[in-house]
Amino acid sequence: MKPALREQILTIMAAIPPGRVTTYGRIAAMTEGGTPRLVARALRELPDDHGLPWFRVITASRRVAEHPGAIEQRERLVAEGVLFDSRGRVPPEAMWP
C-alpha cells in the first residue's frame, strides 16, 4: 500500500468522533484510490501502541467484522454509547459522516 493512501486512511479514522462509527467503504470513498479491503489492511497493520480509534470502523452491514478483536471492539463501542440491535447492527443514526 502506498504511504500516502495509508496516511489518508489513518487521518480519516482519527477524525471519527466518540460514539459514532463508519464503514470500511465510507473511509475508502473518502480516499484517493482506496478500497474497503485496503482500509481493513491498514487497520490490521497498525502497531499495538497506535492509539487510533480502530474500533469505530464497522462493516457495510453496520456490524462488527469477524476478527480476533471483535469482542473488544463491541465492548469499546458500547462503552462510548453505541447501541446494537438484536441482530448486532448499529443504528443508522450512529453512522459518521
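In this predicted model, 41% of the 97 residues of the chain count as buried. Contacts that reach far along the sequence are well represented too: take the contacts with a separation of 6 or more, and 63% of them join residues 24 or more positions apart. The C-alpha trace spans about 40 × 25 × 20 Å along its principal axes. As for the regular parts, the chain has four helices and two strands, and reading along the sequence gives the pattern α-β-α-α-β-α. The radius of gyration is 13 Å, close to the 13 Å that the globule rule gives for 97 residues, so the chain is as compact as a globular protein of that length.

Next comes helix H3, which runs over residues 36-44. Its buried residues are Val39, Ala42 and Leu43. Those residues cover an arc of only 100° around the axis, which puts them on the same side of H3. Turn to the face that points away from this buried side, and the exposed residues Arg37 and Arg44 appear. What lies over the buried residues of H3? The cover includes helix H1 (3-14), helix H2 (24-29) and strand S2 (57-58).

Helix H4, residues 70-79, can be read in a similar way. Here the buried residues are Ala70, Gln73 and Leu77. Looking down the axis of H4, these residues fall within an arc of 60°, so they line one face of the helix. That buried set packs against S2, the strand that also helps to cover the buried residues of H3. On the other side of H4 sit the exposed residues Ile71, Glu75 and Ala79. After the helix comes Gly81, with a positive phi near 95°.

Ile71 deserves a second look. This residue lies in H4, and is it buried or exposed? The cut-off for exposed is over 50% relative accessible area; Ile71 has a relative accessibility of 64%, so it counts as exposed. Ile71 and Tyr24 are 47 residues apart in sequence, and their C-alpha atoms are 18 Å apart in space.

Thr22 gives the opposite picture. It belongs to strand S1, which is made of residues 22-23. Buried means under 20% relative accessible area, and Thr22 counts as buried because its relative accessibility is 0%. Which residues does Thr22 touch, once its neighbours within four places in sequence are set aside? Thr22 is in contact with Ile16 and Ile27, then with Arg56, Val57 and Ile58, and finally with Met95, Trp96 and Pro97. Two of these partners, Val57 and Ile58, make up strand S2 (57-58).

That leaves the empty space. Rolling a probe the size of a water molecule over the atoms shows where such space is left. In this model, the largest pocket holds about 440 Å³ of space. It is lined by 17 residues, and the closest to its centre are Leu43, Arg44, Trp54, His67 and Gly69. By kind, the lining divides into nine nonpolar, four polar and four charged residues. Both H3 and H4 supply at least two residues of the lining, and the largest share, three residues, comes from H3. Two residues already met on H3 turn up again here: Leu43, which is buried, and Arg44, which is exposed, are both among the residues closest to the centre of the pocket.

Methods:
Residues numbered from 1 in each chain as written. Predicted model: local features only at pLDDT ≥ 70, side-chain atom pairs only at ≥ 80, totals over all residues. Heavy atoms only, no water. Buried < 20%, exposed > 50% of the residue type's maximum accessible area, 1.4 Å probe, protein only. Arc of directions from axis to C-beta. Contact = heavy atoms within 4.5 Å. 1 Å grid on protein atoms, 1.4 Å probe; cavity = no way out; pocket = protein on both sides within 12 Å on 5 of 7 lines; lining within 4 Å. Points joined across faces, edges and corners; volume = space filled by probe spheres on them. Nonpolar A, V, L, I, M, F, W, Y, C, P; charged D, E, K, R; others polar. Rg over C-alpha atoms; globule rule 2.2 N^0.38 Å.
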